[in-house]
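Work through the following exercises with the sequence and the model side by side, and try each task before reading its solution.

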Amino acid sequence: VLLGSSLFIYMEEGIQSIIDTDYERWVLTIRTRFQRAKVSASLKVNNELLRFYLSVGKDIYNNQYENRYGSQFYKRLSIDLQREIPNSKGFSPTNLKYMRYFYELFKDEIQNRPQVVDDLVCLPWGHIRYIIDNCKNDLDKALFFVGKTLENNWSNSSLKVLTDKSADYKTCSLNNFRLALTSLQTASERA
C-alpha cells in the first residue's frame, strides 16, 4: 500500500512492516550505534581485565608466593580461584604465570612512568603474551613492540612475524616501502 511518496506498509510474518527511507536510515543508525557501543564495551572490558592481570601479577611478584609455596603454587592458585569464582576463565596455571611475567617485565617502567599502563591495556592479552615471550627481560624491545603495535594496529600474526628474535628489531617492517622509496629517490638523484 502506497501512503505518500516513500511510505509502504506490508505484512511480514504477521506483523505490519514499514518501508520508509527515513525510518530505514534510522534503523541503520541504531545498528551502527549498537556496533560502536559493543566495540567500546569490549575495549573497556579488555582494559580493566589487563589492569586486573597486572595487579594479580604484582601481588604474586611482591609476595614471592612461588618461593613460599613451591612448584605447585600456580596449580593450587588456579584451583582455588576457579572454586571461588565459578564459571570464570583466565585462571589457568599458565595464564597466572603470564600475569606475573606481565608485571615483572614492565614493573620498572610502570613505577617510573605510570602512564605506560594506559598503553599496555590497549593491547589484547594475546599480543601482551606474545611480547612477553619474545622480549623476555628486554624492556626496551618490549616497549618498542607495544608502541609499534599501537601505532600501526598490528594484528597478532603481524606481531609474530616482526618479533622474530632479530637482533636489529628497530628496523622491522611489514613491507619494504621505505627501502624501495629510498632506492627510487637515490636512483632519481643520480639521473
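**Exercise 1. The overall plan**

Which pattern does the protein follow when it is read along the sequence?

Solution. Keep in mind from the start that this is a predicted model. Begin by counting the elements, which gives nine helices and two strands. Then put them in order along the sequence, and the pattern reads β-β-α-α-α-α-α-α-α-α-α. As a last step, look at how the chain is packed: of the 191 residues of the protein, 27% count as buried, and among the contacts with a separation of 6 or more, 55% are accounted for by residues 24 or more positions apart.

**Exercise 2. One face of a helix**

Find the buried residues of helix α3, and decide how they are arranged around its axis.

Solution. First locate the helix: α3 covers residues 73–84, and its 12 residues reach 16 Å from the first C-alpha to the last, close to the 16 Å expected at 1.5 Å a residue. Next, list its buried residues, which are Phe-73, Tyr-74, Leu-77 and Ser-78. Seen down the axis of α3, these buried residues fall within an arc of 130°, so they line one face of the helix. A general rule helps here: an α-helix has 3.6 residues a turn, so residues three or four places apart point the same way. Finally, ask what this face meets: the buried residues of α3 pack against α1 (21–63), α2 (65–69) and α4 (93–112).

**Exercise 3. Two helix crossings**

Describe how α4 is oriented towards α3 and towards α7.

Solution. Take α3 and α4 first, whose axes are 8 Å apart and pack at an angle of about 110°. Angles of 65 to 115 degrees count as roughly perpendicular, and that makes α3 roughly perpendicular to α4. In this contact, Tyr-74, Lys-75, Leu-77, Ser-78 and Leu-81 in α3 meet Pro-93, Leu-96, Lys-97 and Arg-100 in α4.

Now turn to helix α7 (residues 139–152), whose axis comes within 10 Å of the axis of α4 and crosses it at roughly 85°. By the cut-off used above, α4 is roughly perpendicular to α7. Here the contact is made by Leu-105, Phe-106 and Glu-109 of α4 together with Leu-139, Ala-142, Leu-143 and Val-146 of α7.

**Exercise 4. Aromatic rings**

Classify the ring pair formed by Phe-73 and Tyr-74.

Solution. A pair of aromatic rings is described by the distance of the centres and the angle of the planes. Rings pair if their centres lie within 6.5 Å, and planes over 60 degrees apart count as edge-to-face. By this rule the count comes to 14 aromatic pairs. For Phe-73 and Tyr-74 the ring centres are 4.9 Å apart and the planes lie at 65°, so the pair is edge-to-face. Both Phe-73 and Tyr-74 are buried. Elsewhere, ring pairs link Phe-52, Tyr-53, Phe-91, Phe-102, Phe-106 and Trp-125 into a cluster.

**Exercise 5. The surroundings of one leucine**

Is Leu-50 buried or exposed, and which residues does Leu-50 touch?

Solution. Leu-50 is found in helix α1, and at 0% relative accessibility Leu-50 counts as buried. Leaving out residues up to four places away in sequence, Leu-50 touches Phe-102, Leu-120, Val-121, Leu-123, Trp-125 and Ile-128. Trp-125 and Ile-128 are among the buried residues of helix α6 (residues 125–134), and what covers the buried residues of α6 includes α1, α4, α5 (116–120), α7 and α8 (156–162).

Conventions. Residues numbered from 1 in each chain as written. Predicted model: local features only at pLDDT ≥ 70, side-chain atom pairs only at ≥ 80, totals over all residues. Heavy atoms only, no water. Phe/Tyr/Trp six-rings, centres within 6.5 Å; stacked < 30°, edge-to-face > 60°. Buried < 20%, exposed > 50% of the residue type's maximum accessible area, 1.4 Å probe, protein only. Helix = DSSP H or I, 4+ residues; strand = E, 2+ residues; numbered from the N terminus. Expected span 1.5 Å × (residues − 1). Arc of directions from axis to C-beta. Contact = heavy atoms within 4.5 Å. Axes fitted to C-alpha atoms, helices over the stretch in contact; angles between N-to-C directions. Parallel < 35°, antiparallel > 145°, perpendicular 65-115°, else oblique.
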